[in-house]
Amino acid sequence: MILLLLGTGALYALWGEAADAATILVVILALVAVEVTGERRAERAVAALRQLAEPSAAVRRAGRVREVPREEVVPGDVVLLQAGRRVAADARLIAAYGLAVDESALTGESIPVEKDAEAVAFSGTLVVRGRGEAEVVATGDATELGRLAQRAREAKPPPTPLDRAMRELSRSLLVAALAISLTVPIVAWRLRDGEVRPLILTGLALAFAMIPEEMPIILALTLALGARRLARRNAIVRHMEAVETLGTLTAIATDKTGTLTENRLKVARLVATGGEARLREAGALTASALDPIDDALVREAGEAGIDTDALRRHAPPRMEFAFDRSRRLSSAIVGTASGGRVVVKGAPEAVAARATTVLTPSGAEAMSDERRQALLTEADALAREGLRVLAFAERPAGPGPLTRDEAESGLTWLGLVGLDDPPREEARAALDACRAAGIRVLMVTGDHPQTAAAVAAAVGLDSGQVLTGEDLHGRTDEQMRETLAGAAVVARATPEHKLRIVTAWQAAGERVAVTGDGVNDAPALAAADVGIAMGRGGTDVAREASDLVIADDDFATIVGAVAEGRVLFTNLRKAVRYYLACKAALAAVVLLSVMVGLSVPFAPVQIIVMELFMDLAASAAFVAEPGESGHMSRPPRDPRARFLDRAMVASIFTSAAGLFAAVSAAYLWSWPQGETHARTMAFVTWLLGHVALAFSLRRERERFTWRGLGTNRVMVAWGLATAAFVLLAVRVPALRVALKTAPLAGADWTVAVAAVAGGVALVEWAKRHGRFDSPALAD
């Protein structure tokens, strides 16, 4: 497009029109500035999102554990390694508890490597089980992975589906634009037998104005700035496709803990069969530094007067078995070789199944079936109160190593701990918003069914039918959908159940979002239309598999992101509707004037200036438009629907008709006063009319009002700048010469404004009578 303009300017200079050539040069500089600024805004927004989406690292500094960006990790830092997180730097292990690392990113070998103290954990490798602490010895390009990656280039992200659709549309419109640009000069020459040079310049200017070169920039800017707005709402976009898809979601499978609840756990109840002190000690001995549950257990022990540091010195950790979702247990071997013990915590039914004795004040007693059932009944009672229930048990550990099966069998039951995790205050309103928007929400949790039901009732989910993971086993997609049809809660679920729910819904045509934070959640996150990872407690693997990272782990943030996705897509449609309506109106005005035997209504330099103002509105003003009222009270749009459906095409031509009628009326009315005067009237009416059209089209379903005009400051600034330019273009002699305009009288201004008002009234009438509504689009 810049080359096309330069060619037009060169012809002006060649044919002795130096002033026009200089004007076109100024327009070229302005156009380059506009497009470069737009692209740079998009690039900066995407770069900022990449930085936000980068995983952090847990480091211990000055005795305190904190999360820091990976680039801030320095040699000498002590990093904490945990299952599901990537190692932030090359680091020498200080302590390792059942630690195994996947080094396939470095070596290509997918078999996990066991790591002991003094071994080196390499940057970029993934901790698959256990935990550890390590001192950083190298970062960045000094690491093994950094040396391998020094020559790697950043891959260019693939185009999104909407991007491909817009580019195909642009190519189709290009043919029509070139046809019009060639037809007008030829027809004008044949009908009027005029001078060829002005017609060639007019054809080049029309080609410049008609070719839809701005479409990819509109899309890139809309998506990038929309993603930046999402980031401000704590929703960090990792893949641009997610920005497009958010507005189409029909179902969300969400976790409970931290998403619908505050993840601010505290111990509320203890049910100890052999004494609360022993139960509190067991909780403190199984605790790690990064788990909210374990933080609550350590806090409870400390508040009861137990010196947890002394306890750990007396019973140091020897081996840990991380929480296993299929076993629903975790365990730790603590103490010295002569006096060690295994401490186990997990789901009450899982611990009870492995317990053979129960601790009582008088000692250990055999676990009968009746006693086991009584203990599980107590767990059910705690769960009905909405508490998260954990059971604890122990057994002696000799000097030799134990397998996991050995460590977690023959246990002595210690008791139950009920943890309170209050529901988020905003969760109920967010769920109501989902229902109003036609989005189904399913809570999928590993918790006790009674706990899940209590929390569901507290946040406003229908807790009448609570399924468990067992209810979903061995079912086909159709059977799964029938089973899930009346349910809002699935308890005792595993990540595999999440994946089955996602695929079953998708097979029925649903567009599904799913939340997750663990390593095993990655398949469901990757399979979902929008995978949503939790930013606070989520593992690096979950982040990498996701499309969206929620920084505050709040369900209300997810709903806000869906709303933003709907607004973003609406703004894209508004920008494209306006852009194509202006193109169509320009073509119609020019064709009409030529067909009735008049000259083209605009000088070539005027067409170029009009295109500049048009691009500014389409690429910047509509992107900043806030959402219309009620955009979350309509059903989701169908992503399979064509972007340019029948309603969209009709609204484009209706909008174009309004602008065409205004400009043509002003041009034809003023033609008897001379060509220059008529062109000035057409130029002024066009500029004023396309501003009025933009303000009308900023609302799809609402009529234009002055109220809320200032909510889009970018559009207001653009409109005022255009109006000021119009006044200067007809009043300043130098600009009149450069832009081929003439002074206008009061009657001329009246006609121009009246014509614009009439054209906009036509558009407003069409909106009021539903001509802009598309049944496939929610907003």
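These legends go with a set of close-up views of a predicted model.

**View 1. The whole chain, before zooming in.**
This predicted model is built from 27 helices and 23 strands. Of its 779 residues, 54% count as buried. Look at contacts with a separation of 6 or more along the chain, and 72% of them turn out to join residues 24 or more positions apart.

**View 2. The nonpolar cores.**
The largest nonpolar core takes in 104 residues. If you want a place to start looking, try the residues with the most contacts inside it: Leu 461, Leu 548, Phe 555, Tyr 578, Phe 602 and Trp 686. Which helix gives this core its largest share? That would be helix H21, residues 555-595, with 21 residues. Another core lies apart from this one and has 28 residues, including Ala 251, Leu 472, Ala 533 and Ala 545.

**View 3. Helix H21 against helix H23.**
Here H21 and H23 pack at an angle of about 45 degrees, and their axes are 7 Å apart. The two helices are therefore oblique to each other. H21 passes H23 in a right-handed crossing. On the H21 side, the residues making the contact include Arg 573, Val 576, Leu 580, Ala 584 and Leu 592. From H23 come, among them, Met 648, Ile 652, Leu 659, Val 663 and Tyr 667. Sort the residues of this contact by type and you get 16 nonpolar, 4 polar and 2 charged.

**View 4. A closer look at Phe 660.**
Phe 660 sits in helix H23. Is Phe 660 buried or partly exposed? Its relative accessibility is 24%, so Phe 660 counts as partly exposed. Setting aside residues up to four places away in sequence, Phe 660 touches Ala 585, Ala 588, Val 589 and Leu 592. Phe 660 and Ala 755 are 95 residues apart along the chain, yet their C-alpha atoms are separated by 10.0 Å.

**View 5. Helix H23 against helix H27.**
Now follow H23 (residues 646-670) to where it packs with H27, at an angle of about 160 degrees and with the axes 8 Å apart. That angle makes H23 roughly antiparallel to H27. H23 passes H27 in a right-handed crossing. Among the H23 residues in this contact are Thr 654, Ala 657, Gly 658, Ala 662 and Trp 669. They belong to a set that meets H27 residues including Ala 747, Val 751, Val 756, Leu 762 and Ala 766. By type, the residues of the contact of H23 with H27 come to 11 nonpolar, 4 polar and 1 charged.

**View 6. Helix H24 against helix H27.**
H27 (residues 746-768) also packs with H24 (residues 675-697), this time at an angle of about 35 degrees with the axes 9 Å apart. H24 passes H27 in a right-handed crossing. The H24 side of the contact includes His 677, Met 681, Val 684, Leu 688 and Ala 692. The H27 side includes Trp 749, Ala 752, Val 760, Glu 764 and Lys 767. Here the split is 13 nonpolar, 4 polar and 3 charged. Asp 748, Val 751, Ala 755, Val 756 and Val 763 of H27 take part in this contact, and they are also among the H27 residues that meet H23.

**View 7. Two loop residues with positive phi.**
Most residues other than glycine have a negative phi. Asn 234 has a phi near 70 degrees, a positive value. You can find Asn 234 in the loop between helix H7 (215-232) and strand E8 (235-237). With a relative accessibility of 32%, Asn 234 counts as partly exposed. Asp 553 has a positive phi too, near 60 degrees. Asp 553 lies in the loop between strand E23 (548-550) and H21. Is Asp 553 buried or exposed? Asp 553 is buried, with a relative accessible area of 7%.

**View 8. Val 137 in strand E7.**
Val 137 has its place in strand E7, residues 126-138. Its relative accessible area is 45%, so Val 137 is partly exposed. Leaving out neighbours within four places in sequence, Val 137 is in contact with Pro 75, Asp 90, Ala 91 and Arg 92. The C-alpha atoms of Val 137 and Val 74 are separated by 8.1 Å, with their positions 63 residues apart along the chain counted as the step from one to the other.

Methods:
Residues are numbered from 1 along each chain as its sequence is written. This is a predicted model: local features need pLDDT of at least 70, side-chain atom pairs count only at pLDDT 80 or more; totals for chains, interfaces and linings use all residues. Side-chain values use heavy atoms; hydrogens and water are left out. Axes are lines fitted to C-alpha atoms, for helices over the stretch in contact, and angles run from 0 to 180 degrees between N-to-C directions. Helices (H or I, at least four residues) and strands (E, at least two) are DSSP runs, numbered from the N terminus. A crossing is left-handed if the near helix is turned anticlockwise from the far one by less than a right angle, and right-handed if clockwise. Contact means heavy atoms within 4.5 Å. Ala, Val, Leu, Ile, Met, Phe, Trp, Tyr, Cys and Pro count as nonpolar, Asp, Glu, Lys and Arg as charged, and the others, Gly among them, as polar. A nonpolar core is a set of buried Ala, Val, Leu, Ile, Met, Phe, Trp, Tyr and Cys residues joined through side-chain atoms within 4.5 Å. Buried means under 20% relative accessible area, exposed over 50%, partly exposed in between (1.4 Å probe, protein chains only). Angles under 35 degrees count as roughly parallel, over 145 as roughly antiparallel, 65 to 115 as roughly perpendicular and the rest as oblique.
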